[in-house]
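Please work through the exercises below with the sequence and the structure at hand, and try each task before reading its solution.

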Amino acid sequence: MSKAKRTKWYIIEKTAEIFNKKGFSGTSLTDMTSATKLTKGSIYGNFENKEEVAVAAFNHNYQNLIKRFTRNLNEEKTAKGKLLTFLKTYEDAYHDIVMLGGCPILNNAVDSDDTNATLNSLSVKAFNDWNNNIHAIISQGKSGREIKDTIDANYYADLFIATIEGGLAISKSTGDKRYFDHAIQHLREVVETVF
């Protein structure tokens with residue numbers, strides 16, 4: 001890896017958590033220079049502007065989350081097993097997500113909604129990808145007669161996202177994990193009894 005690429009990667013790694021916690025508007029150039037110990041010129045010598053750093057930071061945080069889920073889901077063969085593994089992976093990742101400042105998808109969506117179309121589009125795409133993945137798992141289960149044919153894949157994919165993100169956001173805000181735990185418990189019961 002070239003020195004320029006290493007420097008760019010270093011900036012992304014050092015600012016990713018800051019952008020996740022403070023958002024685009026709340027993250028200052030001083031925050032970025034303090035975290036990286038680099039000058040303004042070094043940062044903007046590697047990135048065109050603050051938005052480009054924020055986009056790279058979001059992608060970094062999101063890809064780290066995706067890697068964890070992909071690795072675990074690839075080990076499962078059944079649809080119900082994949083859905084339960086998905087929930088278990090979120091449970092296992094809870095502490096890391098909270099330490100990062102919350103879910104990068106939701107944080108970015110809330111921060112950029114109505115203020116930054118470029119950043120908001122990243123969260124919209126991430127939510128859509130997540131929805132499509134859950135929908136595909138449920139559809140796979142229906143095709144294999146593992147999940148009841150009457151189950152609405154669209155409805156339950158939406159329910160997964162809204163329930164997990166809501167539970168996570170409330171638990172992070174209140175410092176009380178029970179909201180997240182109850183969200184996961186409810187979805188586990190859905191998979192085990194409704195499907």
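**Exercise 1: two helices that cross**

The crossing of helix H5 with helix H8 is right-handed, in a model that is predicted.

Task: Work out how the axes of H5 and H8 are oriented to each other, and which residues meet.

Solution. Begin with the axes: those of H5 (residues 79–100) and H8 (residues 153–174) come within 12 Å, and they cross at roughly 25°. Angles under 35 degrees count as roughly parallel, and therefore H5 and H8 are roughly parallel to each other. Next, look at the residues in contact: from H5 come Leu83, Phe86, Leu87, Tyr90, Tyr94, Ile97 and Val98, and these meet Phe160, Ile164, Glu165, Leu168, Ser171 and Lys172 of H8. Sorted by kind, the residues of this contact are 10 nonpolar, one polar and two charged.

**Exercise 2: the span and start of H4**

Task: Compare the reach of helix H4 with the expected value, and find the side-chain oxygen at its start.

Solution. Helix H4, which covers residues 50–74, has 25 residues, and from its first C-alpha to its last it reaches 36 Å, close to the 36 Å expected at 1.5 Å a residue. At the start of H4, a side-chain oxygen of Asn49 comes to within 3.2 Å of the backbone nitrogen of Glu51.

**Exercise 3: the surroundings of Asn46**

Task: Locate Asn46, and list what it touches.

Solution. Asn46 belongs to helix H3, residues 40–46. A polar atom of the Asn46 side chain lies 2.7 Å from the backbone oxygen of Ser42. Leaving aside residues up to four places away in sequence, Asn46 touches Ala4, Thr7, Lys8 and Ile11.

Notes
Residues are numbered from 1 along each chain as its sequence is written. This is a predicted model: local features need pLDDT of at least 70, side-chain atom pairs count only at pLDDT 80 or more; totals for chains, interfaces and linings use all residues. Side-chain values use heavy atoms; hydrogens and water are left out. Axes are lines fitted to C-alpha atoms, for helices over the stretch in contact, and angles run from 0 to 180 degrees between N-to-C directions. Helices (H or I, at least four residues) and strands (E, at least two) are DSSP runs, numbered from the N terminus. Angles under 35 degrees count as roughly parallel, over 145 as roughly antiparallel, 65 to 115 as roughly perpendicular and the rest as oblique. A crossing is left-handed if the near helix is turned anticlockwise from the far one by less than a right angle, and right-handed if clockwise. Contact means heavy atoms within 4.5 Å. Ala, Val, Leu, Ile, Met, Phe, Trp, Tyr, Cys and Pro count as nonpolar, Asp, Glu, Lys and Arg as charged, and the others, Gly among them, as polar. The expected span of a helix is 1.5 Å times one less than its number of residues. A polar contact is a pair of N or O atoms within 3.5 Å; within protein, one must be able to donate a hydrogen and the other to accept it, and residues adjacent in sequence count only if both atoms are side-chain atoms.
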